[in-house]
Amino acid sequence: MANVTFDGATRIYPGSTIPAVNRLNLEVADGEFLVLVGPSGCGKSTSLRMLAGLEDINEGRILIGGRDVTNVAPKDRDIAMVFQNYALYPHMTVAENMGFALKISGVNKSEIAKRVQEAAKILDLELYLERKPKALSGGQRQRVAMGRAIVRNPQVFLMDEPLSNLDAKLRVQTRTQIASLQKRLGVTTVYVTHDQTEAMTMGDRVVVMKDGFLQQADTPQNLYDNPANAFVAGFIGSPAMNLVDLKIEEGGARLGSTLIPIERSILSQVTAEGSDSITVGFRPEDLSMSPEGFELNIELVELLGADAYLYGQVADAKGEERQVTVRTDGRATPQRGTTIHLVPDLNSIHLFSSKTGDRFDA
């Protein structure tokens with residue numbers, strides 16, 4: 001097994017002057033399950049492909065197990081990749097697909113059969129070894145692709161949105177299997193997804209990217225509780241954190257009729273920026289109904305059984321409407337069209353610069 005290091009790794013595609021990945025510095029520990037997440041075009045897949053050797057690096061370097069592999073061919077990096085589209089050979093059986101990489105590497109037949117059988121047992125594919133891919137479900141095909149990676153005993157697994165072709169129920173089931181399997185094998189794994197729920201439930205750590213830059217690398221809980229900036233705050237969490245730019249007043253910021261108290265040290269930082277507003281963030285579950293709170297007219301209600309989500313609009317510092325989401329009890333839900341009054345939990349408020357988006361800490 002091995003650790004992985006991105007040391008100032010940069011990728012600029014031909015014809016572009018803007019890096020797809022910009023000076024990425026990241027350390028992946030030996031045996032860690034690291035997830036790269038972000039919106040389309042953020043650089044997550046490019047980062048994975050740089051690690052795999054499928055994309056050139058314009059600046060910086062990449063190390064696997066302390067070895068500089070920046071200019072090493074993909075086949076010599078001791079990595080195994082699982083793709084989004086499974087990439088199985090339709091004319092081969094499951095066993096032949098799983099053992100093909102070993103076959104072309106010159107491994108003898110008995111060793112191939114042994115490794116394929118061991119992987120099939122781990123993945124519950126023993127009954128399907130003689131079937132062709134067309135006779136398998138999407139989830140089974142993905143397990144075959146996993147098996148093909150496992151039999152190679154690589155130093156690092158690379159997974160590029162491997163669940164995106166599965167239906168919702170199967171995705172939940174398969175992501176649990178992959179996370180459990182990775183813990184059992186202990187292989188360093190770098191996993192790319194655009195689905196932040198997938199990232200939060202699978203990764204030991206999650207790396208959030210935007211426009212080629214690393215925004216924050218942290219445990220799922222710390223990303224949720226202590227986002228480094230407004231982008232991470234709005235991206236991590238489902239539904240997303242409510243973010244509203246509010247005017248600064250004496251002692252705090254005003255949201256409707258509610259004054260949210262802000263410490264003087266943070267107000268001084270806002271003033272030093274030359275700004276008269278601050279971005280206030282609060283999670284949907286951190287709002288409670290109170291007669292003293294700000295008004296919200298309910299425009300939409302989503303009932304999810306035990307929980308419900310209420311949606312409405314509030315005015316920001318510029319008088320523009322911003323959506324606010326409220327999580328509430330699904331069995332005692334206000335009706336659409338009614339007006340409620342809400343107070344945010346002051347111990348769970350997040351404060352960000354309205355200019356840079358960076359987090360303010362007292």
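These questions and answers go through the pockets, salt bridges and backbone of a predicted model.

Reader: How many residues does α2 give to the lining of the largest pocket?
Author: The largest pocket holds about 630 Å³ of space. The elements that give two or more residues to its lining are β6 (79–82), α2 (94–104) and α4 (138–150). Of the elements, α2 gives the most to this lining, and its number of residues is 4.

Reader: Which residues lie nearest the centre of the largest pocket, and how does its lining divide by class?
Author: The lining of the largest pocket has 22 residues, and those nearest the centre are I79, A80, M81, A101 and R152. By class, the lining has 5 charged residues, 1 polar residue and 16 nonpolar residues.

Reader: Is A101 of α2 buried or exposed?
Author: A101 is one of the residues nearest the centre of the largest pocket. The cover over the buried residues of α2 includes α3 and α4. The buried residues of this helix are V94, A95, N97, M98, G99, L102 and A101, so by the cut-off of under 20% relative accessible area A101 is buried.

Reader: Which elements each supply at least two residues to the lining of the second largest pocket?
Author: The second largest pocket has about 340 Å³ of space. Its lining has 19 residues, which divide into 10 nonpolar, 3 polar and 6 charged. The elements that each supply at least two of them are α7 (220–225), β13 (258–261) and β20 (350–353).

Reader: What is the relative accessibility of H350?
Author: H350 is among the residues nearest the centre of the second largest pocket, and H350 is found in strand β20. Leaving aside neighbours within four places in sequence, H350 is in contact with Y224, D225, P227, M241, T279, V280, G281 and R359. H350 counts as buried because the cut-off is under 20%, and its relative accessibility is 6%.

Reader: Which side chain makes a polar contact with the side chain of H350?
Author: On the backbone side, the oxygen of S348 lies 3.5 Å from a polar atom of the H350 side chain. The side-chain partner, at 3.2 Å, is R359.

Reader: Where do R115 and E111 lie, and what is the relative accessible area of E111?
Author: The side chains of R115 and E111 meet in a salt bridge, at 3.0 Å from N to O. Both lie in helix α3 (residues 109–122), 4 residues apart, about one turn of the helix. An α-helix has 3.6 residues a turn, so residues three or four places apart point the same way. E111 is partly exposed, and its relative accessible area is 26%.

Reader: How many residues apart are D195 and R171?
Author: D195 and R171 meet through their side chains in a salt bridge, at 3.5 Å from N to O. The pair links distant parts of the chain, with D195 in the loop between β8 (188–193) and α6 (196–202) and R171 in helix α5 (residues 168–185). R171 counts as buried, at 14% relative accessibility. The separation of the two is 24 residues.

Reader: How many salt bridges does a search of the whole structure find?
Author: One salt bridge joins the side chains of E249 and R254, at 3.0 Å from N to O. E249 counts as partly exposed at 32% relative accessibility, and R254 is partly exposed at 32%. Elsewhere, R11, R49 and E55 are linked in a network of salt bridges. For the whole structure, the search finds 15.

Reader: Which residue just after α1 takes a positive phi?
Author: Helix α1 (residues 44–52) is mostly covered, with 7 of its 9 residues buried. These are K44, T46, S47, L48, M50, L51 and A52. Just after the helix, the residue with a positive phi of about 90° is G53.

Reader: Is E161 buried or exposed, and what about D124?
Author: Most residues other than glycine have a negative phi. D124, in the loop between α3 and α4, has a positive phi of about 60°, and phi of E161 is near 45°. E161 is in the loop between β7 (156–160) and α5. At 54% relative accessibility D124 counts as exposed, whereas E161, at 13%, is buried.

Reader: Where is P239 found, and what is the omega of the peptide bond from S238 to P239?
Author: Most peptide bonds are trans. P239 is found in the loop between α8 (230–235) and β11 (242–249). The bond from S238 to P239 is cis, with omega near 0°.

How values were computed: Residues are numbered from 1 along each chain as its sequence is written. This is a predicted model: local features need pLDDT of at least 70, side-chain atom pairs count only at pLDDT 80 or more; totals for chains, interfaces and linings use all residues. Side-chain values use heavy atoms; hydrogens and water are left out. On a 1 Å grid over the protein atoms alone, a cavity is a set of points where a 1.4 Å probe fits but cannot get out, and a pocket is an open set with protein on both sides within 12 Å along at least five of seven lines; lining residues have an atom within 4 Å of a point. Grid points are joined across faces, edges and corners, and a volume is the space filled by probe spheres set on the points. Ala, Val, Leu, Ile, Met, Phe, Trp, Tyr, Cys and Pro count as nonpolar, Asp, Glu, Lys and Arg as charged, and the others, Gly among them, as polar. A salt bridge is a side-chain nitrogen of Lys or Arg within 4 Å of a carboxyl oxygen of Asp or Glu. Buried means under 20% relative accessible area, exposed over 50%, partly exposed in between (1.4 Å probe, protein chains only). A polar contact is a pair of N or O atoms within 3.5 Å; within protein, one must be able to donate a hydrogen and the other to accept it, and residues adjacent in sequence count only if both atoms are side-chain atoms. Contact means heavy atoms within 4.5 Å.
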